[in-house]
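Good morning, colleagues. Please take a moment with the sequence and the structure before I begin.

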Amino acid sequence: MAALIAYMMIAGMIIYFISRKGRPFSSQPGRALPDASQRKKSGLQEGSREIWKQVYETASMDEARSIQTCLEKEGIDCILYEQGKKDIHGNLLKGVGVAVPGVAALRAQECITKMPV
């Protein structure tokens, strides 16, 4: 009798986990995904799965910050990033890249070309 109960519990757990497989994992059950206002507050972006393109690269962080300021004045989202790769000798690259969402790449490049030197 005890073996039958144990088998039923194991079968129930297997069915439970198979039925949970299709649902997204949440640490707090019953909690809905954040809406647009909550995403803005938490830093999540609408198009976070969008492809970003590099539109400029420089060795100077100050120059990259000035380009970032110019693009933000034009209403273009952008990020700065440091190169994470190494050259063939193992030395870290000193570049700072400026990336924008793919749909804004052309407009960002036009804005950068109009910047004073």
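Where does V103 lie? V103 sits in the loop that runs between β3, residues 96-101, and α4. Before I go further with that residue, please note that what you see is a predicted model.

Let me set out the overall arrangement. The chain comprises four helices and three strands. Read from the N terminus, the order of elements is α-α-β-α-β-β-α. The chain has 117 residues, and 19% of them count as buried. Among contacts with a separation of 6 or more, 61% join residues that are 24 or more positions apart.

A word on confidence. The average pLDDT for the chain is 78, and 76% of the residues score at least 70. Two stretches call for caution. Over residues 30-34, pLDDT stays under 50, and the model has two contacts for this stretch beyond four places in sequence. Over residues 38-44, pLDDT again stays under 50, and here the model has four contacts beyond four places in sequence. Where pLDDT is low, the predicted coordinates should not be read in detail.

I return now to V103. Is V103 buried or exposed? V103 counts as exposed, because its relative accessibility is 77%. In space, the C-alpha atom of V103 is 8.9 Å from that of K53, although 50 residues separate the two in sequence.

The strand β1 covers residues 52-58, and T58 belongs to it. T58 has a relative accessible area of 9% and is therefore buried. Which residues does T58 contact, leaving aside neighbours within four places in sequence? They are E63, A64, K94, G95 and V96. T58 also has a C-alpha distance of 6.5 Å to G97, a residue 39 positions away in sequence.

V96, one of the contacts of T58, leads us to helix α3. D62 is located in that helix. The C-alpha atoms of D62 and V96 are separated by 9.8 Å, with their positions 34 residues apart along the chain. D62 has a relative accessible area of 64%, so D62 is exposed.

Helix α3 also holds Q68. Q68 counts as buried, because its relative accessibility is 15%. Not counting residues up to four places away in sequence, Q68 touches C78 and L80. On the strand side, β2 covers residues 79-82.

Next, the helix pair. Two packed helices are described by the angle between their axes and the distance between the axes. What are these values for α3 and α4? Helix α3, residues 61-73, packs against helix α4, residues 105-113, at an angle of about 120°, and the axes are 10 Å apart. With that angle, α3 is therefore oblique to α4. The crossing of the two helices is right-handed.

Which residues meet at this contact? From α3 come I67, C70 and L71, and from α4 come A108, C111 and I112. Sorted by class, the contact has six nonpolar residues, no polar residues and no charged residues.

Finally, I turn to E74, which is placed in the loop between α3 and β2. Its relative accessibility is 48%, so E74 counts as partly exposed. Leaving aside neighbours within four places in sequence, E74 is in contact with R107 and C111. C111 is also one of the α4 residues in the helix contact just described. As for R107, its C-alpha atom is 9.2 Å from that of E74, while the two residues are 33 apart in sequence.

To summarise, I would ask you to keep three points in mind. The contact between α3 and α4 has six nonpolar residues, and the helices cross in a right-handed sense. T58 in β1 and Q68 in α3 are both buried, whereas D62 and V103 are exposed. Lastly, residues 30-34 and residues 38-44 have pLDDT under 50. Thank you; I welcome your questions.

Terms used
Residues are numbered from 1 along each chain as its sequence is written. This is a predicted model: local features need pLDDT of at least 70, side-chain atom pairs count only at pLDDT 80 or more; totals for chains, interfaces and linings use all residues. Side-chain values use heavy atoms; hydrogens and water are left out. Axes are lines fitted to C-alpha atoms, for helices over the stretch in contact, and angles run from 0 to 180 degrees between N-to-C directions. Angles under 35 degrees count as roughly parallel, over 145 as roughly antiparallel, 65 to 115 as roughly perpendicular and the rest as oblique. A crossing is left-handed if the near helix is turned anticlockwise from the far one by less than a right angle, and right-handed if clockwise. Contact means heavy atoms within 4.5 Å. Ala, Val, Leu, Ile, Met, Phe, Trp, Tyr, Cys and Pro count as nonpolar, Asp, Glu, Lys and Arg as charged, and the others, Gly among them, as polar. pLDDT is the predictor's confidence in each residue, from 0 to 100. Buried means under 20% relative accessible area, exposed over 50%, partly exposed in between (1.4 Å probe, protein chains only).
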